[in-house]
Amino acid sequence: MLLREVLSTLDAELICGEDLLETEVHAACGSDMMSDVLAYVKNQAVLITGLLNQQAIRTAAMMDMVCVVFVRGKRPDETIIECAKESGIAVMCSSHRMFTACGLLYKAGLNGGMSVK
Amino acid sequence: MSENTLHYHFVVSGDDFTQAGTASSAVKKTLKQLGFDPRIVRKMAISLYEGEINMVIHGGGGEIDVFIDAEQIAAVLTDHGPGIPDIDLAMQEGWSTASEQVRGLGFGAGMGLPNMKKYADELLIDSEVGKGTTVRLTVFLSGK
Ligand SMILES: Nc1ncnc2c1ncn2[C@@H]1O[C@H](COP(=O)(O)OP(=O)(O)O)[C@@H](O)[C@H]1O
Ligand SMILES: [Mg+2]
């Protein structure tokens with residue numbers, strides 16, 4: 001699906017990364033613990049997290065992801081948005097909780113990803 | 001060190017967690033610009049990122065030196081923090097002395113060192129209690 005559809009599926013608000021909305025994504029990862037995200041390289045492109053800091057953005061960037069979704073209505077501050085823009089990461093905010101956000105995206109066709117070397 | 005070695009130096013603050021990871025992000029960007037294979041870039045970026053986070057949350061900050069030559073990319077992380085009393089124990093998945101506060105920042109699950117071992121081709125740790133820790137991460141360009 002396209003990032004644009006991730007946005008609509010989650011009733012999310014786009015904070016930055018308008019230019020990335022036509023990017024095709026296939027897999028996502030949901031976690032608040034960044035080392036867990038870093039533990040397995042998969043072809044996930046979207047990070048769904050309740051962790052609201054710059055490290056969530058940097059973690060996504062390290063994994064070559066393209067989008068971070070902050071759940072539970074959390075809103076990033078300017079420093080986080082700046083970090084995302086520098087890293088080429090789209091940021092969305094959704095009022096859904098983690099479980100619901102992941103479930104909605106899974107139902108809409110995203111999967112957990114396949115390991116890549 | 002050969003004259004064909006590139007060297008990058010970074011100072012990592014131990015007081016400002018918001019900045020943790022900036023050195024690794026800069027290294028990742030540089031490696032990309034130098035045209036390295038994305039898999040090589042990711043191996044170095046992820047292991048260095050975990051190492052940099054450890055310097056900040058456990059080591060009180062320090063310095064990172066990255067050396068690139070025709071054979072390898074090596075990163076040396078040096079801090080003057082409390083040191084690691086038992087490295088074998090520290091290497092175990094899930095083992096952590098991180099505070100609740102650090103966990104709230106998304107780290108401290110005891111997966112950092114295991115991740116570094118997994119992604120780097122070589123991980124060397126030299127630590128002395130009360131003196132500090134030096135971590136050396138190497139990724140070989142030939143692929144190991
Ligand atoms: N640079 C360091 N200085 C002091 N102690 C460290 C350092 N790096 C790691 N450690 C110790 O090793 C443990 C395991 O590290 P790690 O696997 O990265 O897990 P975590 O950082 O999540 O605790 C840490 O909890 C800490 O006790
Ligand atoms: Mg760690």
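**Group meeting: the A–B interface and ligand 1**

Between chain A and chain B there are 19 residue pairs in polar contact, both residues at pLDDT 80 or more; a polar contact is a pair of N or O atoms within 3.5 Å, where within protein one must be able to donate a hydrogen and the other to accept it, and residues adjacent in sequence count only if both atoms are side-chain atoms. This is a predicted model, in which local features need pLDDT of at least 70, side-chain atom pairs count only at pLDDT 80 or more, and totals for chains, interfaces and linings use all residues. Residues are numbered from 1 along each chain as its sequence is written, chains are lettered from A and ligands numbered from 1 in the order written, and side-chain values use heavy atoms, without hydrogens and water.

Staying with the interface, the count of salt bridges between chain A and chain B is 2. A salt bridge here is a side-chain nitrogen of Lys or Arg within 4 Å of a carboxyl oxygen of Asp or Glu. Arg42(B) and Asp64(A) form a salt bridge through their side chains, at 3.2 Å from N to O.

In contact terms, meaning heavy atoms within 4.5 Å, 21 residues of chain A meet 28 residues of chain B.

Now ligand 1. Which polar backbone atoms does an oxygen atom of ligand 1 approach? One belongs to Gly110(B), at 2.8 Å. Another belongs to Ala109(B), at 3.1 Å, and a further one to Gly112(B), at 3.3 Å. Taken alone, ligand 1 exposes 530 Å², and the protein buries 96% of that; these accessible areas come from the Shrake-Rupley method with a 1.4 Å probe, and for residues only the protein chains shown count as cover.
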